[in-house]
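Good morning, and thank you for making time for this short presentation. I should like to take you through one structure, beginning with its overall figures and ending with some individual side chains.

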Amino acid sequence: MKLRKVLALTLAAAMTLSLVACSGAKEEAAAETETKTEEAAPAEKEEAPAEAEAPAEGVPVYSQIAIGEDYTDLTAEIKWIHHKTDRAEDGTIDAMIAEFNKVYPNITVVPEAVTDYAEDALLRLSTGDWGDIMFIPAVDKAELSTYFQPIDSLENLQKEINFADAWQFDGTSYGVPYMANAQGVLYNKAVFEAAGVTEIPKTPDEFIAALQAIKDNTDAIPLYTNYAAGWTMGAWDAYIGVVSNGDDTYMNQKFVHTAEPFKDNGDGTGAYALYKILYDAVAGGLIEDDYTTTDWEGCKGMLNRGEIGTMVLGSWAYAQMVEAGDHGEDVGYMPFPITVGGTQYALAGGDYNYAVNVNSSDENKTASLVFIKWMTEKSGWCFNEGGYTVDKDGQNPDMYAAFDGCTVLSDQPALAGEETFLNDVNAESELSFNAGGNAKVQRIIEAAATGSETFDDIMADWTAAWNAAQEELGIEVNN
């Protein structure tokens, strides 16, 4: 999928996410469990790194930089464009840069917060004149080397950070996540208690029953959709893979080859069960009175105060909800309510990834890599935002208590030669899963609220679009 095609579809930034498998045996204790993937056990950093993948002459790679020891006398001015307008406004970004400059006083970082980042970043990328560091928008992985400097070989980077493979191509990584998310559900503990919900729901039926109890026994909105914001609707896509079916190879390897990815499995699992939760909640009157007037900024305080029972968003939103009022202790985070073979799964993987402009000078590339590594290892940003740790030596916040017994999984990368398949089918079908396909989720809300379409009608339409894209692209389909 060429950049021009992405621009035409105005795709938002793709969040390639990894998964946390929850045993569901316990519900309220902190968990640090054995993983099945790269984040399973921190690799020893003192190991000699493998040969880096073709770095530019004079420019180090991530694994070759020792923070606080190397390049402390480097002089450069670098520009960083990002989407964190809230953290620009509250001074968080400036405070982190000030701390960075205590170690690297001659590297000037000029940040720019961009409101409509997903679209604006793509437009700037096409000009080549955007600065030195950006968060990677929804580009084709085959074109990564056209726009971005190699960060390191995938082999090396996996020893340093978790979720190193989100933006890799042919064994070279071009991005480093600024933080990672666990994918579950925000909820208000006090609302659950007042509603008489004493156990965290583990299935779609249990979740709908909990929402009904909130409606019957409290004044809170059971499920706040955040429909009007648009981009918040894309959060539902994050649960398609391991969360809904327990298969860590599904999202990036099998999804594009599946003939009926949206069929009803009949057991409360799969993409059908995932999106039907939203349809049923809307149809049952378990959302806000007028979904067209939801308020993203306002909902943070509403959840904090107990005016909202639940919201489906990644863990990145947790810190914002806690900070939005005087009742942060009531804000909780729980696994998504789908159980596969007795096990719950939740997603934990990289958010937006830092990347370096391939057209920057060697000095600016080096300074950019130093800044990225300092932000990852020393800034504390990921932890403070409630993120799942990116740094192999990092710690996870206590907010993940409800994920006790979890085994951390990661969506496995695409098979060799198929790295672009998901992007291609997303674009051809115009469904754009995990790539800004907000309209298709808004359609579910509209249909359920008005009765204009049944849920099965929508799933059949999605299937037809998916199959047509597979045929057009010549992608093998497995029944």
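Helices in this talk are DSSP runs of H or I with at least four residues, and they are numbered from the N terminus. In that numbering, Asn-252 is found in helix 10, which covers residues 250-254. I shall return to Asn-252 later. Please keep in mind throughout that this is a predicted model.

Let me begin with the protein chain as a whole. Its secondary structure comes to 18 helices and 16 strands. The chain has 479 residues, of which 59% count as buried. As for the contacts between residues at least 6 apart in sequence, 80% of them join residues at least 24 apart. The accessible surface comes to about 18,200 Å², and carbon and sulfur atoms account for 44% of that area.

I turn now to the strands, starting with strand 9, residues 180-188. How many of its residues are buried? The count is 9 of 9, and strand 9 is thus described as mostly covered. Three pairings of strand 9 deserve mention. With strand 14, residues 343-350, strand 9 runs antiparallel, and 4 bridges join the two. Within that pairing, Ala-182 has Ala-348 of strand 14 as its bridge partner. Strand 12, residues 331-335, is also antiparallel to strand 9, this time with 5 bridges. There, Val-185 stands opposite Met-334. Strand 11, residues 308-311, pairs with strand 9 in the antiparallel sense over 2 bridges, and Leu-186 faces Met-311 across that pairing.

Strand 2 offers a parallel case. It spans residues 76-82, and 5 of its 7 residues are buried, so the rest of the structure largely encloses it. Strand 2 pairs with strand 3, residues 107-113, in the parallel sense over 7 bridges. One of the positions involved is His-82, whose bridge partner in strand 3 is Ala-113.

A further sheet is formed by 3 strands. It is open, its order is 5-7-6, and its pairing is antiparallel. Which strands lie at the edges? They are strand 5, at 152-153, and strand 6, at 168-169, each of which pairs on one side only. Strand 6 is joined to strand 7, residues 172-173, by 2 bridges in the antiparallel sense, and Phe-169 stands opposite Thr-172 of strand 7.

Next, two helices. In helix 4, residues 117-127, the buried residues are Tyr-117, Ala-118, Ala-121, Leu-122, Arg-124 and Leu-125. Viewed down the axis of helix 4, these buried residues fall within an arc of 165°, so they line one face of the helix. Just after helix 4 comes Gly-128, with a positive phi of about 80°.

Helix 16, residues 421-429, has 7 of its 9 residues buried, so it is largely enclosed by the rest of the structure. Its buried residues include three with aliphatic names to note, Leu-422, Val-425 and Ala-427, and also Asn-423, Asp-424, Asn-426 and Ser-429. Following helix 16 is Glu-430, and its phi is positive too, near 60°.

I come now to individual side chains. Is Asn-252 of helix 10 buried or exposed? Its relative accessible area is 17%; buried means under 20%, and therefore Asn-252 counts as buried. The side chain of Asn-252 reaches the backbone oxygen of Gln-412 at 3.0 Å.

Lys-300 lies in helix 12, residues 296-305. With a relative accessibility of 7%, Lys-300 counts as buried. What does the side chain of Lys-300 meet in a polar contact? It meets the side chain of Gln-320, at 2.6 Å. Leaving aside residues up to four places away in sequence, Lys-300 touches Gln-320, Met-321 and Ala-324.

Finally, the cysteines. A disulfide is a covalent bond between the sulfur atoms of two cysteines. How many disulfides does a search of the whole structure find? The search finds 0. Two cysteines may be placed on the burial scale: Cys-299 is buried, at a relative accessible area of 0%, and Cys-382 counts as buried at 12% relative accessibility.

To close, I would return to two elements of this predicted model: strand 9, with 9 of its 9 residues buried, and helix 4, whose buried residues line one face.

Terms used:
Residues numbered from 1 in each chain as written. Predicted model: local features only at pLDDT ≥ 70, side-chain atom pairs only at ≥ 80, totals over all residues. Heavy atoms only, no water. Buried < 20%, exposed > 50% of the residue type's maximum accessible area, 1.4 Å probe, protein only. Pairing = 2+ DSSP bridges. Contact = heavy atoms within 4.5 Å. Areas by Shrake-Rupley, 256 points an atom, 1.4 Å probe, with all protein chains shown as cover. Polar contact = N/O pair within 3.5 Å; in protein donor to acceptor, adjacent residues only side chain to side chain. Arc of directions from axis to C-beta. Disulfide = S-S within 2.5 Å.
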